[in-house]
Structures are given as C-alpha cells and as structure tokens.
Amino acid sequence: MLRESSKAKGEDYDLTLLVGGGGDGNIAHGRLLVDYADAVLGTDEEALARAQAQIRERMGDAGLVDAAAIVATFNAIDRVADSTGIPIEDGKAESSADLRQSLGINAFAERKGEIADPRHRAGL
C-alpha cells in the first residue's frame with residue numbers, strides 16, 4: 001500500500017531502510033522510527049529507552065504515542081496473519097513481486113519451508 005500510494009503522490013521511498021539499508025529511506029525520521037521498532041521488538045531495554053527519548057526530542061510526545069501505536073498494530077496484524085497461515089493474495093503477489101525480491105521478503109517464508117509467492121504453488 002505504501003509503495004502504490006507513494007507512486008500516486010510522486011514520492012520516492014527507499015524501503016531498503018527496512019532491511020538494513022542506509023539513510024532514512026526518504027521518510028521523515030525514517031531511521032529513527034526503524035530503530036524504535038527494532039528496539040520495541042528486541043530485548044535491549046536501554047536501546048528502547050534511547051529510542052523513546054530520541055523520538056520525544058525530535059517528534060514530541062505525540063510522535064512517540066503515534067509510533068508506539070503503529071508498531072503495536074503492525075506487530076498484531078502480522079502475528080494474526082502468521083498464526084492463521086494467511087498467504088499473500090494473488091493480486092498482491094503480482095504487484096509486489098519486484099519489491100519482495102529486492103528486499104528479500106520471500107526468504108522469510110522460504111526459511112520455514114513455505115512457498116512465499118502463490119504464483120509458484122502447484123496448480124497455479
């Protein structure tokens with residue numbers, strides 16, 4: 001969704017930021033937000049405290065609340081999808097194939113012995 005909406009708006013995000021790419025991804029506070037999400041999902045309490053303080057300093061208290069809500073929501077949605085085994089829809093598989101390839105996203109499913117792209121499943 002982000003990729004398509006950014007195209008429609010003429011914005012150029014670099015989503016390699018999400019998989020270790022440098023810079024901020026052409027997203028306001030992009031590196032800071034990724035570092036915060038990593039800290040929330042990690043086990044280093046000091047890294048989390050640092051990230052929270054940096055967000056408060058640069059984005060304010062409301063920015064921290066928004067960031068926390070987004071991390072929590074995405075984490076929950078991902079867990080629900082994973083726990084129910086929901087595969088990516090055919091239409092989304094087609095439109096996101098190049099993005100998933102460039103970011104290495106298919107590797108997550110493949111490591112679990114799953115076929116990440118429904119276009120490669122038997123009978124399709």
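1. Let's start with the loop between α1 (2–9) and α2, where you will find H29. Helices here are DSSP runs of H or I with at least four residues, numbered from the N terminus, while strands are runs of E with at least two. H29 has a positive phi of about 60°, although it is not a glycine. Its relative accessibility is 34%, so H29 counts as partly exposed. For that word, the scale runs as follows: buried is under 20% relative accessible area, exposed is over 50%, and partly exposed lies in between (1.4 Å probe, protein chains only).

2. A word on what you are looking at: this is a predicted model, in which local features need pLDDT of at least 70 and side-chain atom pairs count only at pLDDT 80 or more, whereas totals for chains, interfaces and linings use all residues. Residues are numbered from 1 along each chain as its sequence is written, and side-chain values use heavy atoms, with hydrogens and water left out.

3. Now step back to the whole protein. There are five helices and zero strands, giving the pattern α-α-α-α-α along the sequence. Of the 124 residues, 22% are buried. The accessible surface comes to about 8600 Å², and 56% of that belongs to carbon and sulfur atoms; these areas come from the Shrake-Rupley method with a 1.4 Å probe, and for residues only the protein chains shown count as cover.

4. How much of the contact network joins residues at least 24 apart? Among contacts between residues at least 6 apart in sequence, the share is 36%. A contact here means heavy atoms within 4.5 Å. For a pair to look up yourself, try A72 and V40: they are 32 residues apart in sequence and 8.9 Å apart in space, C-alpha to C-alpha. A72 sits in helix α3 (residues 45–84) and is partly exposed, with a relative accessible area of 47%.

5. Helix α2 is a good one to trace by eye. Its 12 residues reach 17 Å from the first C-alpha to the last, close to the 16 Å expected at 1.5 Å a residue. The expected span is 1.5 Å times one less than the number of residues. Which residues of α2 are buried? They are G30, L32, V34, Y36 and A39.

6. Next, the salt bridges: a search of the whole structure finds two. The term means a side-chain nitrogen of Lys or Arg within 4 Å of a carboxyl oxygen of Asp or Glu. As background, side chains of opposite charge can pair when their charged atoms come close.

7. One salt bridge joins D35 and R31, with the closest N and O atoms 3.6 Å apart. The two are four residues apart in helix α2 (residues 30–41), so about one helical turn separates them. D35 is partly exposed at 34% relative accessibility, and R31 is partly exposed too, at 28%.

8. In the other salt bridge, the side chains of D61 and R56 meet at 3.1 Å, N to O. D61 counts as exposed at 51% relative accessibility, while R56 is partly exposed, with a relative accessible area of 46%.

9. Is R100 buried or exposed? This arginine of helix α4 (residues 90–103) has 6% relative accessibility, so R100 counts as buried. Its side chain makes a polar contact with the side chain of S96 at 2.8 Å. A polar contact is a pair of N or O atoms within 3.5 Å; within protein, one must be able to donate a hydrogen and the other to accept it, and residues adjacent in sequence count only if both atoms are side-chain atoms.
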